[in-house]
Amino acid sequence: MLKAEHININDGILFEKIKQGDQKAFEQVFRQHYVHLVAFANTILHDTDKAESIVQNVFVKLWEKRKQYQVVSLKGYLMIAVKNSCNNEIKRLQQERNFRQSADKTQISETMVYSDSWVMDKISSIINQLPEQRKKIFKLSRLEGLKYREIAAKLNISPKTVEIQMGKALKFLRENLVELKKQVYHILW
Amino acid sequence: MAMKKFNKNIDWNLAGKVISGEASSREQIEFDLWLNKDNNINEWNKLLSEVEQAEYALTSESIDIERAWKSVRNKTTSKTIQTHKRYYLVAVAASIIILIGIFLFIDWHRTPQHLFTFSTQNLVEQVNLKDGSSVDLNRHSSISLPESFNTNKRTLELQGEAFFDIKRNEKIPFVIHTKHITIKVLGTSFNVKDYPNSDYSEVIVKTGIVEVIAHNDSLNKTLLNAGDKAIYNRETNQLTKTENKNINYLSWKTKDISFKKDKMTDAIKLLEEVYNVEISGTEELNPENEISATFEKNTIEHILSTINKSHSLNLEYKIKE
């Protein structure tokens, strides 16, 4: 039940229904894309609450302006709308942290966003092998955007420990997710 | 092969600092030097994309799509305006009834103040009070309180379940009335459960000291410390104090759930309550089946798929409306 992401209906038909005010079609699109879009927004913003609120606003706007829009690909439209809102938010906060050397963020994330949920489950189970505190530190830093000293204060440890734990978490991801990729490709071929 | 090379010459702590924006300008230069050597930039991009995948997976685990949908639905339906009006009318009606009730039975000798009522339907909501206290209201619960508290007592009425985090004020005690019990505190946090369709009322204290008094008998009372639980049996009028053993008593609010060798049937019942769902597929369940697992703010979807995988079950859920 409720596994909306597995339902595949032509975007064009769905959007026509939404245009005519079909709430059910709107809900279906929402359920199909929401989690992916928030996760995508969060890789840019590193703030889950903000990511959720931005994605919700994109959907509210889609509904309000549905009659004016001519949408060919809902997926594409939503991705771009979310990405633009995120960029505006970053500009507004003026705290862009530009560390990606190859700048094409959408390209990379798009393949990821619509990757198999089996792969995502696998990634989850790998991350859950991280020791509890290391995982917590990684989450606080990457998902909530806290500074090292803020994390240190929150967990009552030294900033140096945070630094070391983050380093270990990265090493762990680099080593174990590489293994996963090999497995995935193996299955695909 | 490339990975090996990467492992050999990367400074992981520095990598972490660069990714988190914590690197000093000197460290950033050191990093840039490393990045421009050999094929390091490719390796670096791989690491970034793996970090991104990890973030992606962790974020998806903790999103509450039902809550999000309700919020979007509320902003996109014209119907909701009418519903709000209806809630408002119900709230006003309830306030008037409670006002009359209070006027007649409790505070009849005092000038009655206008009461405000907050009630929840299918969502858990937080109410912040003017004195700095906060109340988390579970589903289908309500509190009624005056616009501003008296100078000698802070009182409110509760129906259903709520978690109170009361701002300490030794001069002005906080008093909560339910239909069956009264709770007096100075400044603490605790959970109160008092649903009309149950035989019991329950208070569990998280921090501080709480006094619980049976409604019909002011001598029938007990003092609770942090970690204590009081159960009031409405039929026998018995008020019992025990040590609280239920670690999940706040899961309805925190969505943090921890099972330690719990019966699977009990675990499912708890999940149904916490996520407001009906779980099916329990027919093939062995009653002796136990579960040990910890879930932190996960979605019901994630939890059930984890349980299904680890226990070879086919549990499914449906939202209760």
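This passage walks through chain A, a helix and a tryptophan of chain B, and a pocket in a predicted model.

Chain A is helices from end to end as far as its elements go: there are 9 helices and 0 strands, so the run from the N terminus reads α-α-α-α-α-α-α-α-α. Of its 189 residues, 47% are buried. As for how the chain folds back on itself, take the contacts in chain A between residues at least 6 apart in sequence: 67% of them join residues at least 24 apart.

Over in chain B, helix α5 covers residues 65–76. Its length checks out nicely: with 12 residues at 1.5 Å a residue, the helix should span 16 Å, and its end C-alpha atoms are indeed 16 Å apart. At the start of α5(B), D64(B) puts a side-chain oxygen within 3.3 Å of the backbone nitrogen of E66(B). E66(B) is itself one of the buried residues of the helix, along with I65(B), A68(B), W69(B), K70(B), V72(B) and T76(B). That buried set mixes partners from both chains: it packs against α2 (23–45) and α3 (48–64) of chain A, and also against β17 (316–319) of chain B.

Helix α5 of chain B turns up again in the second largest pocket, which holds about 1,300 Å³ of space. At least two lining residues come from each of α3, α7 (132–142) and α8 (148–155) of chain A, and likewise from each of α5, β2 (125–128) and α7 (251–254) of chain B. The lining counts 34 residues in total, and those nearest the pocket centre are D49(A) and E52(A) from one chain and S62(B), T254(B) and K297(B) from the other. Anyone setting up charges will want the breakdown: 18 of the lining residues are charged, with 8 polar and 8 nonpolar.

Helix α7 of chain B, one of the elements that supply this lining, also contains W252(B). This tryptophan has a relative accessible area of 5%, which is under the 20% cut-off and therefore makes W252(B) buried. Its surroundings are drawn from well along the chain: leaving out residues up to four places away in sequence, W252(B) touches V124(B), D136(B), L137(B), N138(B), E161(B), A162(B), F163(B), N191(B) and V274(B). In the case of V124(B), the two residues are 128 apart in sequence, yet their C-alpha atoms sit 7.9 Å apart in space. There is a polar contact too, with the side chain of W252(B) reaching the backbone oxygen of Y249(B) at 3.4 Å.

Notes. Residues are numbered from 1 along each chain as its sequence is written. Chains are lettered from A and ligands numbered from 1 in the order in which they are written. This is a predicted model: local features need pLDDT of at least 70, side-chain atom pairs count only at pLDDT 80 or more; totals for chains, interfaces and linings use all residues. Side-chain values use heavy atoms; hydrogens and water are left out. Helices (H or I, at least four residues) and strands (E, at least two) are DSSP runs, numbered from the N terminus. The expected span of a helix is 1.5 Å times one less than its number of residues. Buried means under 20% relative accessible area, exposed over 50%, partly exposed in between (1.4 Å probe, protein chains only). Contact means heavy atoms within 4.5 Å. A polar contact is a pair of N or O atoms within 3.5 Å; within protein, one must be able to donate a hydrogen and the other to accept it, and residues adjacent in sequence count only if both atoms are side-chain atoms. On a 1 Å grid over the protein atoms alone, a cavity is a set of points where a 1.4 Å probe fits but cannot get out, and a pocket is an open set with protein on both sides within 12 Å along at least five of seven lines; lining residues have an atom within 4 Å of a point. Grid points are joined across faces, edges and corners, and a volume is the space filled by probe spheres set on the points. Ala, Val, Leu, Ile, Met, Phe, Trp, Tyr, Cys and Pro count as nonpolar, Asp, Glu, Lys and Arg as charged, and the others, Gly among them, as polar.
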